[in-house]
Amino acid sequence: MTYQETNTHWWQEAVVYQIYPRSFQDSNGDGIGDLAGIIQRLDYLKKLGISAIWLSPVYRSPNDDNGYDISDYEQIMAEFGTMSDMEQLIREAQQREIKIIMDLVVNHTSDEHPWFIESRSSKENPYRDFYVWRQESIGGGAPNDLESTFLGSAWQLDELSGEYYLHLFSQKQPDLNWENQNVRTAIYNMMNFWIDKGIGGFRMDVIDLVGKIPDQKITGNGPKLHDYLQEMNAQTFGGKDLLTVGETWGATPEIAKLYSNPERNELSMVFQFEHIGLDEEPGKSKWDLRPLQITELKEVFSKWQTELGDQGWNSLFWNNHDLPRIVSRWGNDSAYRVQSAKMLAISLHMLKGTPYIYQGEEIGMTNRVIHDITEVEDIESKNMYADRIQKGYAKEDILVSINAKGRDNARTPMQWDDTENAGFTTGTPWLTVNENYHEINAKQALADTNSVFYTYQKLIKLRKNCPLIVWGSFELIEDTATDVFAYYRHYREQSWLIVCNFSDQEQIFSLDKFAVETIITNTEKDYTELFDRTLEPYEAFVVDVSNYPS
C-alpha cells in the first residue's frame with residue numbers, strides 16, 4: 001500500500017461539477033441564474049453521479065468581474081438569492097450526497113468592500129495596511145512597472161490619499177496585504193464561518209499570488225506563500241477532510257508537491273494549467289493562437305501523471321469558467337461533436353486525479369461564435385479588444401482570438417431543453433444563449449442512451465467502483481501514431497489500456513495483445529484483438545488487458 005492509499009479521502013474518488021451560478025438556472029425570470037435554480041437541478045446532478053459542486057462566487061459583489069470582486073464574504077449577492085437560500089442549497093445537496101465547494105477569492109476584494117473603503121479613507125486608518133499601498137516613484141508616477149492581468153499598470157493612484165494601491169486584476173479589485181496578520185486572521189475567521197455552515201471545501205482563486213512581494217515585482221510563488229497556506233490549514237480546514245484546490249497558473253510538478261504533499265498540511269490538490277497553454281504561441285499571450293500539437297499534450301499529461309507520484313494529487317479538467325468549451329477547442333464541434341466529446345471525456349477521466357466537469361460539458365456544449373465586440377460581456381476580452389485596436393490589429397483577427405479563447409464561451413447559459421432560451425430563463429438572459437440549443441440540450445441528452453451525458457455518467461460510476469482508476473500507476477505508450485494518445489493504468493494484478501484518437505482522420509493502432517473485457521468506448525466495436533486496428537475519427541476505448549501485462 002502506498003502512503004496515499006493508507007491516507008484516503010473522499011475527494012480522491014470524487015468527480016466535481018463546477019457551476020457558474022449566473023448561467024446555470026434562473027428561477028425567477030430576471031435572466032440571471034440563482035441559488036433557487038441550482039436547487040431545482042440537484043436531481044439532475046444526482047443522476048449524473050457527481051460528489052461535489054464547485055460553486056463560483058455567490059458572495060455580495062458589485063459584479064465588476066462577475067463575482068470575483070467581493071464586497072462582503074458573509075452575504076449573498078442579491079441577484080442570486082439570500083443566505084437562507086444558500087443554507088438550503090447546502091442542506092439539500094447533502095441529502096443527495098453532494099458537497100458544496102465554495103470559491104475562495106482572497107488575493108483581492110472589491111474596492112467596495114468595507115475594508116477598502118476604510119483603508120482609503122486615511123493613511124492613519126487601522127485598515128490602511130489591509131491593502132498594498134505605495135508612494136509614487138522617485139521620478140513620479142506608479143511605484144514600478146508591474147502590469148495587471150487585465151492589461152495596463154497594476155497600480156492605481158487614489159486621488160483621496162495621494163498614494164497608489166496594487167491591483168493585479170481590475171482597478172476595482174485591490175490586492176489584500178497578506179503580510180498583515182490581521183488580514184490573514186480576518187480571512188481565516190471568514191473561512192470558518194463557511195465551514196461551520198457545512199460546506200465541503202474551497203476552490204482557491206489565484207492562491208499562488210497571496211505571497212506577492214510587489215516591490216521586488218514578485219507576484220506568483222512568493223517566499224512566504226507556503227507559510228501562509230500551512231497557517232491557513234492549521235487555523236481552518238486542517239483535520240476536517242475538506243477538499244481544497246488551489247488555482248496555480250505557474251505550478252510545475254515540484255511546486256505542486258509543495259502544495260499537495262499530504263505530509264506538508266497545505267492543500268488537497270492544485271489546478272495546474274500547463275496543458276491549457278499548448279495552443280498559444282510560446283512567450284506570447286493567450287490570444288496568440290497556434291494549432292494544438294497532440295505530442296505536446298501527451299508529454300504534459302504523462303509528466304504530471306508520473307512526477308507527482310504519491311507526493312501530490314492531480315486535478316483533471318478540460319474546462320472552467322475562464323476557458324473555452326473543450327469540444328470546440330480540441331475536439332470537433334460539428335461533424336464529430338458527440339464522438340469527440342466522448343473521446344475527450346474518456347481520455348481525461350481515466351487518468352489519476354480528481355476530475356472536474358464544467359456545466360454543459362456533460363452534454364457537449366460548444367463555443368458561441370460572436371461577430372462584433374458589442375456581443376461580448378467579459379471584461380478581459382473587452383480590454384484586450386480595445387488594446388489591440390489601439391495597436392493596429394485588424395478587428396477580424398481580434399474576433400478570431402475571442403471566439404477561440406474568450407471567457408464568454410464558457411458562460412453562455414446552460415442549455416436545458418429546446419424551449420425559448422433553452423429553459424434557462426423565462427426572461428431575457430444576461431448573456432445570449434447559444435443558438436444551437438435546439439439540438440444540444442440536457443433534455444435531449446437524457447432521452448438518448450448514447451448521448452455524451454451517459455458516457456460521463458458511466459465514467460463517474462467507474463471511478464467510484466474501480467480502485468485502479470483512483471490508485472493505479474500510469475504508463476504512456478510512446479510507439480503510436482502522433483495523434484493517438486494511448487496509455488496503461490496498472491494496479492496490483494490489473495492493467496487497463498486506454499486508446500484515444502485526437503484527430504478527425506483514421507489512425508492505425510497496433511498492440512500484440514488481447515483484451516479481456518471492454519470497459520467503456522464511444523463506438524459499438526468489439527475490442528478483443530488489438531493488432532492493426534483502424535481507429536475512426538475521435539474513437540476512444542478502454543479495455544482490460546490484465547492477462548497480458550506489458
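What volume does the largest pocket have?

**Figure 1. Here we look into the largest pocket, which has a volume of about 1100 Å³.** Keep in mind for every view below that this is a predicted model. The pocket has 44 lining residues, and those closest to its centre are T149, F169, W249, K286 and E380. If you want to know which helix helps most here, follow α12, residues 379-390: this helix gives the most to the lining of the largest pocket, with five residues. As for the chemistry of that lining, you can count 16 nonpolar, 12 polar and 16 charged residues.

**Figure 2. Next comes the largest cavity, with a volume of about 100 Å³.** Searching the whole structure turns up six cavities of 30 Å³ or more. How do you find a hole like this? Rolling a probe the size of a water molecule over the atoms shows where empty space is left. Around the largest cavity sit R368, I370, E375, V376, S381, I402, N403, G406, D408, N409, T412 and L431. Two helices are worth picking out: α13 (395-405) and α14 (408-411) each supply at least two residues of this lining. Sorted by type, the lining of the largest cavity has four nonpolar, five polar and three charged residues.

**Figure 3. This view shows the second largest cavity, which holds about 80 Å³ of space.** Its lining is made of Q272, H275, V300, F301, W304, Q305, N314, S315, L316, F317 and L348. Helix α9 (294-307) and strand β12 (315-317) are the elements that give two or more residues to this lining. Which element gives the most to the lining of the second largest cavity? That's α9, with four residues. Sort this lining by type and you get six nonpolar residues, five polar ones and no charged ones.

**Figure 4. Zoom in on H167, a residue in the loop between β8 (163-166) and α6 (181-196).** Is H167 buried or exposed? With a relative accessible area of 2%, H167 falls under the 20% cut-off, so it counts as buried. Two backbone oxygens are worth finding around the side chain of H167. The one from S153 lies 3.4 Å from a polar atom of that side chain, and the one from S170 lies 3.3 Å from a polar atom of the H167 side chain. Leaving out residues up to four places away in sequence, H167 touches S148, S153, A154, W155, Q156, Q173, P174 and D175. So S153 turns up twice in this view, once through its backbone oxygen and once in the list of residues that H167 touches.

**Figure 5. Now for the largest nonpolar core, a set of 142 residues.** Which residues have the most contacts inside this core? Look for M86 and M350. Setting aside neighbours within four places in sequence, M350 is in contact with L459, L462, R463, I469, Y487, R489, W496, I498, I520 and V542. Apart from the largest core lies another one, of 15 residues, including V484, A486, L511 and F541.

**Figure 6. T455 has its place in helix α16, residues 452-465.** The relative accessible area of T455 is 8%, which is under 20%, so this residue is buried. Not counting residues up to four places away in sequence, T455 touches K342, I346 and I520. You've met I520 already: M350 is in contact with I520 too.

**Figure 7. Our next close-up is K46, which lies in helix α3 (residues 42-48).** Its relative accessibility is 38%, between the 20% and 50% cut-offs, so K46 counts as partly exposed. K46 touches R96, E97 and I98, again not counting residues up to four places away in sequence. Try tracing the chain from K46 to A93: they are 47 residues apart along it, and their C-alpha atoms are separated by 8.9 Å.

**Figure 8. The last view is of K224, in the loop between β9 (201-204) and α7 (225-235).** K224 has a relative accessible area of 45%, which lies between 20% and 50%, so K224 is partly exposed. Now go along the chain to S340, 116 residues apart from K224; the C-alpha atoms of this pair are separated by 43 Å.

Notes. Residues numbered from 1 in each chain as written. Predicted model: local features only at pLDDT ≥ 70, side-chain atom pairs only at ≥ 80, totals over all residues. Heavy atoms only, no water. Buried < 20%, exposed > 50% of the residue type's maximum accessible area, 1.4 Å probe, protein only. Polar contact = N/O pair within 3.5 Å; in protein donor to acceptor, adjacent residues only side chain to side chain. Contact = heavy atoms within 4.5 Å. 1 Å grid on protein atoms, 1.4 Å probe; cavity = no way out; pocket = protein on both sides within 12 Å on 5 of 7 lines; lining within 4 Å. Points joined across faces, edges and corners; volume = space filled by probe spheres on them. Nonpolar A, V, L, I, M, F, W, Y, C, P; charged D, E, K, R; others polar. Core = buried A, V, L, I, M, F, W, Y, C linked by side-chain atoms within 4.5 Å.
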